[in-house]
Amino acid sequence: MKLSILSTKSAVVLGVLTAVVGGAVVSTRDSASAEPVTVMLCDGETQVTLNANGPVTADDGREVAAKLMAEWLAKNPQAQWEKDVRERHRLVESHDNSTLVGQQSVQEGTWSTVTALDVVTWKRETEKLVAEGALVFHDGKRLGSTVAVSCDMCHPDASNTHPETYPKFQSQLGRVALLRDMINWCVEHPVRGKPLAVDGPEMRALEAYITAQRKGVPLDYGKR
Ligand code: HEC
């Protein structure tokens, strides 16, 4: 279907109940009714309003994401991160622990020798969770999106998610955020899903993927 964008940058839109609570905009919508939907970006400011019977397919979602990003890039012309990494969906490899084979280490509470199988298992299991996170990151349905939008549509390869800068104060939230808080904020806006359980499989996988993609970048909490 073709989306029609009714208006932008407007917090008060006909048919959408929008309340401003502590700096955050909360939109509610009766899913049964065919009323316009306001989708807000991760910055807590940029928004677009969609026609009723809103996005269903990933292509519809891409149109929503592109519209939001066009609005945001107009305000932040220096930010070209998605151009740099678009078309590159690559997983970053985990640390190679093979030099530990044959060494003594504590495993499950007892001293033993690290085997090649241990090293392979650590790598396989770790990268499995990261790969799972990549799938969730790219899947509007698993993110619970009501507008067919997924994270990769604006953050290819998890670019510009800056997990190394958490915890830090986020004005959209009005408090110090952990990475998971910001992930959930983005799940609500612009993905328009329900917040994920913080210890649930989707959140754990997303955190793993986003962090893995920033391998090699020094931790620098609080950095803007
Ligand atoms: C429609 C485009 C769009 C979508 C979809 C989107 N984001 Fe964002 N995201 C942005 C923009 C633009 C910013 C930068 C906002 C700012 O700087 O104020 C951002 C910021 C973030 C940040 C903060 C980065 C920092 O510097 O600390 C995180 C983390 C993040 N997004 C994660 C996600 C996740 C996870 C999803 C999916 C659940 C998602 N985003 C979906 C556009 C998007």
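Tutor: Let's start with a term: a residue is called buried if 20 or more other C-beta atoms lie within 10 Å of its own, exposed if 12 or fewer do, and partly exposed in between, with C-beta atoms placed from the backbone. The structure is a predicted model, where local features need pLDDT of at least 70, side-chain atom pairs count only at pLDDT 80 or more, and totals for chains, interfaces and linings use all residues. Residue numbers run from 1 along each chain as its sequence is written.

Student: What makes A148 buried?

Tutor: A148 has 24 other C-beta atoms within 10 Å, and the cut-off is 20 or more, so A148 is called buried.

Student: And why is N160 called partly exposed?

Tutor: N160 has 14 other C-beta atoms within 10 Å, which falls between the two limits, so partly exposed is the right label. Both A148 and N160 sit in the loop between α3 and β8. Phi is near 60 degrees for A148 and near 60 degrees for N160. Most residues other than glycine have a negative phi.

Student: Why is α1 called a helix, and how do you know its expected span?

Tutor: Helices are DSSP runs of H or I with at least four residues, strands are runs of E with at least two, and both are numbered from the N terminus. Helix α1, residues 58-75, has 18 residues, so it passes that minimum. The expected span is 1.5 Å times one less than the number of residues. For α1 that gives 26 Å, and its reach from first C-alpha to last is 26 Å, close to the expectation.

Student: Which residues of α1 are buried, and what covers them?

Tutor: The buried ones are G61, E63, V64, A65 and L68. Their cover includes β4 (37-40) and β5 (47-50), where contact means C-beta atoms, placed from the backbone, within 7 Å.

Student: What makes a residue count as near the ligand?

Tutor: Its C-beta atom, placed from the backbone, has to lie within 6 Å of the molecule. Of the 24 residues around the ligand, C42, D43, C151, C154 and C186 come nearest. The elements giving two or more residues to that shell are α1 and α4.

Student: How many residues of each class does the shell have?

Tutor: There are 18 nonpolar, five polar and one charged. Ala, Val, Leu, Ile, Met, Phe, Trp, Tyr, Cys and Pro count as nonpolar, Asp, Glu, Lys and Arg as charged, and the others, Gly among them, as polar.

Student: Where is there a cis peptide bond?

Tutor: One runs from Y166 to P167, with omega near 0 degrees, and another joins H189 and P190, with omega about 15 degrees. P190 lies in the loop between α4 (179-188) and α5 (201-212).

How values were computed:
Contact = placed C-beta atoms within 7 Å.
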